[in-house]
Amino acid sequence: MKEAYYFSHDSNARQDEKILMLRAEHGWEGYGIYWALIEMMFESTESALHHSKVKGIAVSYNIDMALLKQIINTCIEENLFQTKDDLFWSDSLIRRKEKFRDIKNKRSEAGKKGAAKRWGDNEEDGNAMAKPSQNHSDDIAKNSKVKERKENKSKGNESKGQESKVENATSYLSENFFNASLKEKESLFSFVDDLGDELCIEAMTRTRIAEKKLSYALGILRQWYAKGIRNMKDVERDDDLHNKNSNIRQFKPRRQQHEYDPASDAF
């Protein structure tokens, strides 16, 4: 299974002058296809794509080949992509990918050093790795419990929309719903303009917790938009009202059922 990595990009990318020119020419469809190409470049060992293989890209994404070529040419004209011979790429992506690799390598080295220190590579006993001390086992158990508490706390925060590490809906979408269809992504981008990043992230967070697809988040956003919900305070009020109504329905007293009394039929 191919590994999926998160790569950062500016939270206001959709308002960049070059991106605006792309959107002016091809709309949100062009914007979505642009990011699909960026993702493919990131996954490529060359960090670039081939003009000669555009037909295959069109087939894989179910995109009209003529439209795909037009979007690529617009990206090149607006300096979003660079090209030479059969290759085209993004200088900005290459810089970010190099930064990503640098961070990954540093974390890997730090992990190796931490493992060496933990398992006592410098100890004289050659069996130290095979038979860790009881104290070390206790430390692992404690660390596991601490990690579990942190994960449970994190899940609780997600339900309240507290995704502090994620600042924009586009990044959240790329990281968590990369398998969503192009049409669904375009719909999400439209809601970002109408409702803002915070509400879109909240809807997607609820979708992740419910283990649903992106269409579930779009349904939430449509309801919020129809109700005039425009910020998290509105969402909280709507949740409170929903919970209150649910409780009323749950505790609504049932009609009393009386036993049949034959005497009641007597004249």
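## An exposed asparagine in a loop

Let's start with N62. At 72% relative accessibility, N62 counts as exposed, because the cut-off for that label is over 50%. Keep in mind as you look around that this is a predicted model. N62 sits in the loop that links α2 (54-61) to α3 (65-77). Its backbone is worth a look too: N62 isn't a glycine, yet its phi is positive, at about 55°.

Now move along to N79. This residue has a positive phi as well, near 65°, and again the residue is something other than glycine. You'll find N79 in the loop between α3 and β2 (82-84). Is N79 buried or partly exposed? With 43% relative accessibility, N79 goes down as partly exposed.

## The chain as a whole

Time to zoom out. The chain's secondary structure adds up to 10 helices and 3 strands. Follow the sequence from start to end and the order reads α-β-α-α-β-β-α-α-α-α-α-α-α.

There are 267 residues in the chain, and 32% of them are buried. What about contacts along the sequence? Take those with a separation of 6 or more: 64% of them join residues 24 or more positions apart.

## A histidine in the first helix

H26 belongs to helix α1, which covers residues 17-43. Its relative accessible area is 15%, so H26 counts as buried, the limit being under 20%.

Which residues is H26 in contact with, once its neighbours within four places in sequence are set aside? The answer is L67, Q70, I71 and T74.

## Where α6 meets α7

Next up is a pair of helices, α6 (residues 169-176) and α7 (residues 182-195). Their axes come within 10 Å and cross at roughly 155°. Angles over 145 degrees count as roughly antiparallel, so that is the label for α6 and α7. The crossing itself is right-handed.

On the α6 side, the residues that meet α7 are A169, T170 and L173. Across from them, α7 brings in K185, L188, F189 and V192. Sorted by class, this contact has 5 nonpolar, 1 polar and 1 charged residues.

## Where α8 meets α9

A little further on, helix α8 (residues 197-209) packs with helix α9 (residues 214-227). Here the angle is about 135° and the axes are 8 Å apart. That makes α8 oblique to α9. As for handedness, α8 passes α9 in a right-handed crossing.

Who takes part? From α8 come L199, C200, E202, A203, M204, R206 and T207. From α9 come L214, Y216, A217, I220, L221 and W224. By class, that gives 10 nonpolar, 1 polar and 2 charged residues in the contact.

## Cysteines and disulfides

C200, one of the α8 residues in that contact, has a relative accessible area of 0%, so C200 is buried. C75 is buried too, because its relative accessible area is 0%.

A disulfide is a covalent bond between the sulfur atoms of two cysteines. How many disulfides does the count come to here? The tally is 0 disulfides, going by a cut-off of 2.5 Å between cysteine sulfur atoms.

Notes. Residues numbered from 1 in each chain as written. Predicted model: local features only at pLDDT ≥ 70, side-chain atom pairs only at ≥ 80, totals over all residues. Heavy atoms only, no water. Axes fitted to C-alpha atoms, helices over the stretch in contact; angles between N-to-C directions. Helix = DSSP H or I, 4+ residues; strand = E, 2+ residues; numbered from the N terminus. Parallel < 35°, antiparallel > 145°, perpendicular 65-115°, else oblique. Left-handed = near helix turned anticlockwise from the far one by under 90°. Contact = heavy atoms within 4.5 Å. Nonpolar A, V, L, I, M, F, W, Y, C, P; charged D, E, K, R; others polar. Buried < 20%, exposed > 50% of the residue type's maximum accessible area, 1.4 Å probe, protein only.
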